[in-house]
Amino acid sequence: MASLFTSLASTFTGTKANPLVEISSEVPPTQSTSPNQDTTSTQPTSPIVPVSVNCFPHRQCNYSCSFCFHTSLSSTILPFSEMKHGLRLLRQAGMKKINISGGEPFLFPHLGDLIQFCKTELKLESTGIISNGSKVTLKWLEEYGEYLDILGISCDSFDDDTNRGIGRKDEGNLKGVHKNKLNTVVNKWNWEEDMNDCIEEIAPFRWKVFQVLLLEGENVGPNALRNAVDVSVTNEQFQAFLDRHASQKSLVPEDNEAMESSYLLLDEEMRFVNCQGGKKIPGRSLLERGVQAALQDAGWEADTFVARGGVYDWQKPDENNLDW
Ligand code: SF4
């Protein structure tokens, strides 16, 4: 894995990164909907700007994490041409950053083309992928790495037994990661773990630490494919993990409240899903009803997005200044 990410550096051969664009002023005042709001209502008076979108093009994954809240409930994958059309509409509405998640993004057959399209045709400021790390290949990075700004890796533990308990089947694929983003979900298996030494070794530019989020129908309830109740942690346990790692400057904590309302989550049918109220409720498809109608259903709060640090230096570094 070390060589994989060392090689990643050499694949980032794009043009010199532009100076950071100050975009926080473009984020509109808080506009959100609740799950109970009438989604057939008229357009808002001022348009919602989808500055940063998390796109889930499919739900397939080779892992089975017990707390997963985007499980393989459906096998839908839109035709790539439809997906590109939807992303063009989002770009026109003000999208500047896209993050591809899943399922496991590297199981999505058009991932490379999608990242390239977003960077070269849509000219997004930032393209990102959040992966479990098991399917990333040098071949892919050599072919598409120049179009990718951020590669995030989910890493919940550096202990093999803990990873097995969580449901991460593959082992030992994370050590040696350099200058990348890490995501960690604090759960009953890892909340007492001290990850400081490994995090310092990896030195991610951004380490996002989440609390297990329970969502009816995804990881809790009779129709869910997972049961995350048994692995969830209390607010006190989550805080204890944060306190233990308080010296990590890259740490960005996100409790359940921030997770529920600060992300624009675009599902496999190009619907924003509303996570407020303990469920994931898909809204209207932006392909069928347009971007603003779809955004009204998202339950997204721009203020919470900004408060959780959703606007940051999201472009890859100038290749001439890489220190990896
Ligand atoms: S790696 Fe991610 S998408 Fe896959 S099961 Fe785990 S949490 Fe879910």
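1. Two strands are taken to pair if DSSP finds at least two bridges between them. In this predicted model, strand β2 (residues 97–100) and strand β3 (residues 126–131) meet that criterion, being joined by four bridges and running parallel. Within this pairing, N99 has G128 of β3 as its bridge partner. The two strands also form a right-handed β-α-β unit together with helix α3 (residues 111–121).

2. On its pairing with strand β4 (residues 150–154), β3 is again parallel, with four bridges. Here I129 has L151 in β4 as its bridge partner. Helix α4 (residues 138–144) belongs to the right-handed β-α-β unit made with β3 and β4.

3. The burial of β3 deserves a separate remark. Six of its six residues are buried, so β3 is largely enclosed by the rest of the structure. Both of its faces are covered: one side carries S126, G128 and I130, the other T127, I129 and S131, and all of these are buried.

4. A further set of parallel pairings involves strands β5, β6 and β7. Strand β5 (residues 181–186) pairs with β6 over six bridges in the parallel sense, and T184 stands opposite V209 of β6. The connection from β5 to β6 passes through helix α6 (residues 196–202), and this β-α-β crossover is right-handed.

5. Strand β6 (residues 206–211) is joined in turn to strand β7 (residues 251–254) by four bridges, and the two run parallel. The chain reaches β7 from β6 by way of helix α7 (residues 235–244), in a β-α-β crossover that is right-handed. Two facing pairs may be inspected here: W207 stands opposite L251 in β7, and V209 stands opposite P253 in β7. Since five of the six residues of β6 are buried, this strand is largely enclosed by the rest of the structure.

6. For the chain as a whole, the secondary structure comprises 11 helices and 10 strands. The chain has 324 residues, of which 43% count as buried. Of the contacts between residues at least 6 apart in sequence, 76% join residues at least 24 apart.

7. The largest nonpolar core contains 68 residues. Those touching the most other members are F67, V186, V212, L264, L265, L266 and F272. With neighbours within four places in sequence left aside, L265 is in contact with N54, F56, F272, V273 and C275.

8. The residues surrounding the ligand are C61, Y63, S64, C65, C68, H70, G102, G103, E104, N132 and S154. By class, this shell divides into four nonpolar, six polar and one charged residue. Two of its members, G102 and G103, are linked by a cis peptide bond with omega near 15 degrees. G103 is placed in the loop between β2 and α3. The reviewer may wish to examine the backbone at this position, given that the cis bond runs from G102 to G103.

9. D149 lies in the loop between α4 and β4. With 24 other C-beta atoms within 10 Å, D149 is buried, because the criterion is 20 or more. Residues up to four places away in sequence not being counted, D149 touches S126, T127, G128, W314, Q315 and K316. The pair D149 and Q315 is separated by 166 residues in sequence, yet their C-alpha atoms are 5.4 Å apart in space.

10. Two residues other than glycine have positive phi values, and each lies in a loop that leads from a helix to a strand. K123, with phi near 55 degrees, is found in the loop between α3 and β3. K123 counts as exposed, because 9 C-beta neighbours lie inside 10 Å and the limit for an exposed residue is 12 or fewer.

11. A203 likewise has a positive phi, of about 55 degrees, although it is not a glycine. The place of A203 is in the loop between α6 and β6. A203 is partly exposed, because 16 other C-beta atoms lie within 10 Å, a count in between the limits for exposed and buried residues.

Notes
Residues numbered from 1 in each chain as written. Predicted model: local features only at pLDDT ≥ 70, side-chain atom pairs only at ≥ 80, totals over all residues. Near = placed C-beta within 6 Å. Nonpolar A, V, L, I, M, F, W, Y, C, P; charged D, E, K, R; others polar. Contact = placed C-beta atoms within 7 Å. Right-handed = clockwise from strand over helix to strand, strands pointing away. Core = buried A, V, L, I, M, F, W, Y, C linked by C-beta atoms within 7 Å.
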